[in-house]
Amino acid sequence: MRPQIMAHRTGAGTYPPNSWEGIYRSALEGIQVVECDITFVNGVPFVWTDTDNSLLEKPIKSITNLSPDEVSSIKRRDTGGYLFTFTQIISLLNSIPHHQVKIYLDVKYYDSDWAEEFLPIPQHFIDLVIEKIIDHNKE
């Protein structure tokens, strides 16, 4: 088995954490795995973690208290871009010919009542996350 190179937090250290640039450049550079943080906002998976809120143009305590539309309009101070969803990552990767990138999700569950009930049984939690991402992709 060959080791795989992973871009942790989409290449943080080289690129801004949880960023379009990190995902895109990692894919172009042949990185095999891109790991990103996922925070659910009303069932919508956003590529973000509240531990990075100081990188926002207007820092806030948590994105989980906002609507998905409000989160999509939050601008990052480090990249100038806006927060984006997991679905948008899939679209980005699908636009890159011949990429071989796998995505690893680090799901955050700050203030998420729905997640806490599944924490004692990890498989149920994983199933719920996958179900929510599939449901969001159908929209």
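**Salt bridges and nonpolar cores in the predicted model**

Both Arg9 and Asp37 are buried. In this predicted model, the side chains of these two residues meet in a salt bridge, with an N to O distance of 3.1 Å. Arg9 belongs to the loop between β1 (6-7) and α1 (20-28), whereas Asp37 belongs to strand β2 (residues 33-41), so the pair ties together parts that are 28 residues apart in sequence. The relative accessible area of Arg9 is 17%, and the residue is buried because this value falls under the 20% limit.

The salt bridge between Arg9 and Asp37 forms part of a wider arrangement. A network of salt bridges links Arg9, Asp37, Asp52, Asp106 and Lys108. Within this network, the side chains of Lys108 and Asp106 meet in a salt bridge at 3.0 Å, N to O. Asp106 has a relative accessibility of 27% and therefore counts as partly exposed, the class that lies between the limits of 20% and 50%.

The surroundings of Arg9 were examined further. When neighbours within four places in sequence are left aside, Arg9 is in contact with Pro16, Pro17, Asn18, Glu35, Asp37, Thr49 and Asp52. Two of these contacts, Asp37 and Asp52, are also members of the salt-bridge network. The backbone at Arg9 has a phi near 55°, a positive value in a residue other than glycine. A positive phi, near 50°, is also found at Asn18, again a residue other than glycine. Asn18 is located in the loop between β1 and α1, as is Arg9. With a relative accessibility of 0%, Asn18 counts as buried.

A further salt bridge is found in helix α1. The side chains of Glu21 and Arg25 meet there at a distance of 3.3 Å, N to O. Both residues lie in helix α1 and are 4 residues apart, about one turn of the helix. Glu21 is partly exposed, its relative accessible area being 37%, and Arg25, at 39% relative accessibility, also counts as partly exposed. Pairing of this kind is possible because side chains of opposite charge can pair when their charged atoms come close. In total, the count of salt bridges in the model comes to 6.

The nonpolar residues were considered next. The largest nonpolar core holds 19 residues, of which Ile23, Ile38, Phe40, Val47, Ile89 and Leu93 touch the most other members. Two or more residues are given to this core by each of the elements α1, β2, α3 (86-94) and α5 (122-138). A second, separate core of 10 residues includes Trp48, Leu56, Ile63 and Leu83.

Among the members of the largest core, Val47 was inspected in detail. Not counting residues up to four places away in sequence, Val47 touches Asn18, Cys36, Asp37, Ile38, Phe84, Thr85, Phe86 and Ile89. The residues touched by Val47 thus include Asp37, the salt-bridge partner of Arg9, and Asn18, which is in contact with Arg9. Ile38 and Ile89 are likewise touched by Val47, and both are named among the core residues that touch the most other members.

Conventions:
Residues are numbered from 1 along each chain as its sequence is written. This is a predicted model: local features need pLDDT of at least 70, side-chain atom pairs count only at pLDDT 80 or more; totals for chains, interfaces and linings use all residues. Side-chain values use heavy atoms; hydrogens and water are left out. A salt bridge is a side-chain nitrogen of Lys or Arg within 4 Å of a carboxyl oxygen of Asp or Glu. Buried means under 20% relative accessible area, exposed over 50%, partly exposed in between (1.4 Å probe, protein chains only). Contact means heavy atoms within 4.5 Å. A nonpolar core is a set of buried Ala, Val, Leu, Ile, Met, Phe, Trp, Tyr and Cys residues joined through side-chain atoms within 4.5 Å.
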